[in-house]
Amino acid sequence: SDIVPSLVAGSDLSTTITLSGRPAAPIIGLKGRLVRPGWGQGSLGDFDLDLDYRDEILTVRRCAMVGPDSLGPAVSGTLPIRLGWGLPTDEGPPDRPMSLQGHARGLDLGLLPLVLPQIAAATGKLDFEASLTGTPRAPYVKGTVGVREGVVRPASREEVMTGVTGTVRLD
């Protein structure tokens with residue numbers, strides 16, 4: 001069926017969802033587009049989605065920003081999760097291998113205050129390349145996060161840090 005709910009002010013999800021399987025072991029397919037997701041004053045471009053769920057594995061074939069810049073935010077890979085009716089609520093995710101990869105180039109640092117309340121304002125560019133492997137109970141993150149041309153003002157402070165540049169290695 002086609003669904004177009006309002007997710008966040010100004011955002012829409014236009015998608016086709018296929019459902020099959022049993023209530024305790026569903027098979028779900030989702031293909032579509034998330035239009036201008038955002039929070040508060042910030043928003044991103046449209047995202048194409050292609051997800052599949054079966055046998056307690058969510059496969060993210062594509063979750064990527066649409067547009068000519070193929071280096072925009074993108075995530076792909078597999079993640080073990082349990083979905084279905086009548087499942088015990090006290091069990092955590094399946095302890096099975098996971099593998100997610102994410103990357104982006106030139107993200108606007110102005111979005112940083114939306115996810116880090118310790119930052120009041122920021123400008124500049126953020127690049128990242130990361131992979132999440134292991135299991136949900138023993139995750140392993142590897143990659144890099146880089147900032148360039150950054151200007152940052154911490155929350156509840158008057159000082160402004162300029163010329164913020166650097167790379168953090170995730171290991």
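These are my notebook entries on a predicted model of one protein chain.

**Overall layout**

I began with the secondary structure. The protein chain has 12 strands and one helix. I read the order from the N terminus as β-β-β-β-β-β-β-β-β-α-β-β-β. Next I looked up burial and contacts. Of the 171 residues in the protein chain, 25% are buried. I then took the contacts with a separation of 6 or more. Residues 24 or more positions apart account for 38% of them.

**Nonpolar cores**

Which residues make up the largest nonpolar core? I found seven: Ala104, Leu107, Leu109, Ile119, Ala122, Leu126 and Val152. Strand E9, residues 99-108, and strand E10, residues 119-135, each supply at least two of them. E10 gives the most, with three residues. I also noted another core, apart from this one, of six residues. Leu30, Leu34, Leu44 and Phe47 are among its members.

I went back to Leu109, a member of the largest core. What does leucine 109 touch, leaving out residues up to four places away in sequence? My list reads Ala122, Thr123, Gly124, Lys125, Leu126, Val147 and Gly150. Two names on that list, Ala122 and Leu126, also belong to the largest core.

**Threonine 15**

I looked up threonine 15 next. Strand E2, residues 12-22, holds this threonine. Is threonine 15 buried or exposed? Its relative accessible area is 4%, and the cut-off for buried is under 20%, so I entered threonine 15 as buried. I then checked its side chain for a polar partner. A polar atom of that side chain lies 2.7 Å from the backbone oxygen of lysine 31.

**Largest pocket**

My last entry is on the largest pocket. I have its volume as about 630 Å³. The lining counts 26 residues. Which of them are the closest to the centre? They are Leu44, Pro73, Leu107, Val115 and Phe128. I had already met Leu107 in the largest nonpolar core, and Leu44 in the other core.

I also asked which elements give two or more residues to the lining. They are strand E8 (74-80), E9, helix H1 (112-115), E10 and strand E11 (138-154). E9 and E10 are also the strands I noted for the largest core. Finally I sorted the lining by residue type. I recorded 22 nonpolar residues, three polar and one charged.

Conventions: Residues are numbered from 1 along each chain as its sequence is written. This is a predicted model: local features need pLDDT of at least 70, side-chain atom pairs count only at pLDDT 80 or more; totals for chains, interfaces and linings use all residues. Side-chain values use heavy atoms; hydrogens and water are left out. A nonpolar core is a set of buried Ala, Val, Leu, Ile, Met, Phe, Trp, Tyr and Cys residues joined through side-chain atoms within 4.5 Å. Buried means under 20% relative accessible area, exposed over 50%, partly exposed in between (1.4 Å probe, protein chains only). Helices (H or I, at least four residues) and strands (E, at least two) are DSSP runs, numbered from the N terminus. Contact means heavy atoms within 4.5 Å. A polar contact is a pair of N or O atoms within 3.5 Å; within protein, one must be able to donate a hydrogen and the other to accept it, and residues adjacent in sequence count only if both atoms are side-chain atoms. On a 1 Å grid over the protein atoms alone, a cavity is a set of points where a 1.4 Å probe fits but cannot get out, and a pocket is an open set with protein on both sides within 12 Å along at least five of seven lines; lining residues have an atom within 4 Å of a point. Grid points are joined across faces, edges and corners, and a volume is the space filled by probe spheres set on the points. Ala, Val, Leu, Ile, Met, Phe, Trp, Tyr, Cys and Pro count as nonpolar, Asp, Glu, Lys and Arg as charged, and the others, Gly among them, as polar.
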